[in-house]
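I opened this notebook to look up how aromatic rings pair in the structure and where charges sit over rings. The sequence and structure come before the entries.

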Amino acid sequence: MLQVAEPGLGVVGHPSSAPSTTAPASWLWLLMPEERALLTDWVQQRRGEAMKLSGEKQLLFCRSGDGNSLLKDNMLFKPIQIALKTVSGDTNLRYHHLRHSFVTFTLLRLLERESNELLESAWATDDNGQIAMPNVSVDVSDLAGLPPQRRPSRKRLWQLTLWTGHVSPGETLSSYSHSLDWVLGQTLSQRFDLALSIDQQLTLLNLPSKTALTSWRHRRGLKDPTRGSELLQHLQDQWHDFMADPLSKTAWKPYHAPSQNPLNIVLKTSSNFPEVTVIYQSLRLFEQLEHLGMSMGDAIIQATKRFVLDPVVFQSWITSGEYLMAQTTRRSNPKFSRNKNVKRSELIASQNIYMPELKSCMAPPIKPHVLREAGKFFHELLDWCVRNEDLANKGLSALFFHMQRSTGQITLPDAETINDVQELLRPLRCLKHTYLIVEVAEGAKEKRVKSYWSDATGIPQKRIELVPTASPSGRTMHWYGNANLKITRGHYSDRQQPLWEAFRFAVFMMMLVGGFRVFND
């Protein structure tokens, strides 16, 4: 978890199995120039999204515009794990394995007295012989501000611990480094070439007697003293007797990219869209600049530069938003706007209104928790709509044609339309918060009416209420009455309906970014 801060970036440990600590992000020195450029651009974008000075205390790595919420696991881990499994062919790899690989290979780099002393060049290359690890040709110790490679320092272990977010080197070395035994063996073989006694040779060769050992040595021309390297040299042809069976030659194959990149499917989700607050704030800035006399083209350039958006996509949002805000009901009341007779330009120019209604966007929910839930609904619905396009179009069309200014309910003509709207509520896990308020004629049989609507919509009878019709004649077109759908966590008669408000705004923003106008004209 990272925060925007100067002069560096702060790191807060994420809950995990290993103890963690809070420390400056010194890993920035490990980034390649291209990675630093990407990080710089992202920091600039996050600062552009922060509308207040408190933005400097928000998370750096987060959904665009949502600086107070951690990334979801499926957004952070899933694409990386799919890439790992694809390029390795190992379906058991997980994101966490990268931490172990980082510690293992970086420790070798930190313990080296010269390049490629411990980290062999073959380990740092891909199947085509290209360098696949960052900063292979540089001194990592020097990058991190530590003493040069040839100078021993315990700070190297503490630096590695700091990079991994552990409280001490003990945790890092005991659980995350898997090459210390190999390093020790390499070091001993390079530093010491011991003379072996007869008893040691007898044990190592596993021969039955000293006579057999004398015969074995005589056939190979060995003389005392016999060193370990000499004995090892004569054992090369018998190496397989002392090692596990080698892997089949067909076990390791060069990597070949799949015909279809699996990440293309994963990344075509809501992560491609910014937060609803970013969309709203960019539209507001655009309209403010236009109100101050700037041309439309220049205003679009300024707004998209500030929020790091695509100008073409942004202009489509303006067109869709203005179309949606201009829609009216049969009684000429606005469907999405709450200000029938107020000039929106006055609201936009006002410095006293927190998030006013725009010409191209309805006013977001004022309460922070409702706005956060609206943003959550927005992204969850976008993800769902990609996989269920037909159901999404039916539900959005039902809401579009029957939306009204009321913040408490929506009147729908029949059970089929109600079911279309409920399909949008299903991925949000909000079906249990649906109620039907049915207007019936005098003398209508309550049990029969409730049974009809419950069977037709799947809403339990206990969440269906009957009320007298407001029609002057006291009658309804059908014996089962007219249904109003309520979406609430409280009582349907409560004045404040935050759940419906969040859902309504999320649906509007979906129509806005999806160009709803295009396939309904």
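The entries below go from ring pairs to burial and then to charges over rings.

I note that the model is predicted, so that local features need pLDDT of at least 70 and side-chain atom pairs count only at pLDDT 80 or more, while totals for chains, interfaces and linings use all residues. Residues are numbered from 1 along each chain as its sequence is written, and side-chain values use heavy atoms, with hydrogens and water left out.

I looked up the aromatic pairs and found 14, where rings of Phe, Tyr and Trp (its six-membered ring) pair if their centres lie within 6.5 Å, and planes under 30 degrees apart count as stacked, over 60 as edge-to-face and the rest as tilted.

I took Phe286 and Phe314 next: their ring centres are 6.0 Å apart and their planes stand at 80°, so I entered the pair as edge-to-face. Because Phe286 lies in helix α13 (residues 276-291) and Phe314 in helix α15 (residues 311-325), the pair ties together parts that are 28 residues apart in sequence; helices are DSSP runs (H or I, at least four residues), numbered from the N terminus. I found both Phe286 and Phe314 buried, which means under 20% relative accessible area, with exposed over 50% and partly exposed in between (1.4 Å probe, protein chains only).

I then checked Tyr452 and Trp453, an edge-to-face pair at 5.2 Å centre to centre with 80° between the planes. Tyr452 is partly exposed at 26% relative accessible area, whereas Trp453 is buried at 0%. Ring pairs link these two residues with Trp479 and Tyr480 into a cluster.

Finally, I looked for charges over rings (NZ of Lys or CZ of Arg within 6 Å of the ring centre and within 35 degrees of the ring normal). Arg448 lies over the face of Trp479, at 3.9 Å from the ring centre, and Arg463 lies over the face of Tyr435, at 5.9 Å from the ring centre.

Definitions and conventions:
Helices (H or I, at least four residues) and strands (E, at least two) are DSSP runs, numbered from the N terminus.
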